[in-house]
Amino acid sequence: MTVSSREQGSDQGVVRYERRGDVAVVTMNRPQYRNAQNSAMTYALDDAFYRAADDRRVKVVVLAGAGEHFSAGHDIGTPERDVDTTFDRRAGLWWDHVGRPGGESRFAREQEVYLGMCRRWRELPKPLIAQVQGACVAGGLMLAWVCDLIVAAEDAFFADPVVRMGIPGVEYFAHPWVMGPRFAKEFLFLGERVPAARALALGMVNRVVPRDQLEAEVLSIAGRIAAMPALGLALTKKAVNQAEDQMGLQTGMDSVFGLHHFAHAHNAEVGRDALAGHDARSMRDAQRNRS
Ligand code: ZN
């Protein structure tokens, strides 16, 4: 992968990349679909993080979502859903999922574009700040959680409703570490929206600000962090990440990835498909019928 193709990739419409002084702003750009992540977006995000990592002028990176919502999750129903498309794999050496049967395809794909990518992005050696407004749901959580800081607008809400599919949470299973085990169970059992103020009380986000001040607050924090030496920031980030790993984050996620894929396989064996017949619309309708 050459630098030029990386830069080309990160300029794709689905992700915008811009540098403002020593801060890179990476913006998911499918607002018409509440920034649902298809693989085109995942790989464009990967391009953007590579670009930010390699640019010596960039000290801090911001991850934002265009429009009303940060991200409604993985793409399970837009016209550009691209689960059967081959991309240049980057997160590991496991073979491509396209054309492989059953669980083999799901395992290879999700290991690459979900768990593997998210883990790599968590290791970006520069502070990464999530700028979250509106929905941060399921796959959206994974993107916010790999960031070092989360700054939320007052209208932000967080939810992982995939237990409705019979699946124990999204692929990047950080729930017990980012909100504590007790609340992680409530969060998953109910699958309901948790407002920004409660996420703050749980320690899952750093700050909550009025929506019209969100971007300014994020850039202000980024600017102040950028005054610190780059290596000091990289080592500090690694120190805290290592502590989190000592608390079982990595091994816990590995073991739950197995449960996650058992759930997909069970769904596929007894029902219509690996998502228990759900798509974006049925998940939304189920949520509406409860409230
Ligand atoms: Zn999955």
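**View 1. In this predicted model, three strands make up an open sheet in the order β5-β7-β8, and their pairing is mixed.** The edges are held by β5 (135-137) and β8 (194-195), each of which has a single partner strand, so one side of each is left without a neighbour in the sheet. Strand β7 (residues 157-159) pairs with β8 in the antiparallel sense over two bridges, and Phe157 stands opposite Pro195 in β8.

**View 2. An open sheet of six strands, with mixed pairing, follows the order β1-β2-β3-β4-β6-β9.** Here β1 (15-20) and β9 (207-209) stand at the edges with a single partner strand each, so one side of each is left without a neighbour in the sheet. On average, and with direction ignored, neighbouring strands of this sheet are turned by 20° against each other. Within the sheet, strand β4 (residues 128-132) runs parallel to strand β6 (residues 149-153) and is joined to β6 by four bridges, with Val132 standing opposite Ala152 in β6.

**View 3. The largest cavity has a volume of about 70 Å³.** Of the 13 residues in its lining, Tyr43, Asp96, His97, Glu112 and Val113 are the closest to the centre. Both α2 (39-54) and α3 (102-122) supply at least two lining residues, and α3 gives the most, with four. The lining comprises five nonpolar, four polar and four charged residues.

**View 4. The second largest cavity has a volume of about 40 Å³.** Among the residues lining this cavity are Gln37, His74, Val113, Trp121 and Met142. The elements that give two or more residues to the lining are α3 and α4 (139-145), and α3 gives the most, with four residues. By class, this lining has six nonpolar and four polar residues, but no charged residues.

Conventions: Residues are numbered from 1 along each chain as its sequence is written. This is a predicted model: local features need pLDDT of at least 70, side-chain atom pairs count only at pLDDT 80 or more; totals for chains, interfaces and linings use all residues. Side-chain values use heavy atoms; hydrogens and water are left out. Two strands pair if DSSP finds at least two bridges between them. Axes are lines fitted to C-alpha atoms, for helices over the stretch in contact, and angles run from 0 to 180 degrees between N-to-C directions. On a 1 Å grid over the protein atoms alone, a cavity is a set of points where a 1.4 Å probe fits but cannot get out, and a pocket is an open set with protein on both sides within 12 Å along at least five of seven lines; lining residues have an atom within 4 Å of a point. Grid points are joined across faces, edges and corners, and a volume is the space filled by probe spheres set on the points. Ala, Val, Leu, Ile, Met, Phe, Trp, Tyr, Cys and Pro count as nonpolar, Asp, Glu, Lys and Arg as charged, and the others, Gly among them, as polar.
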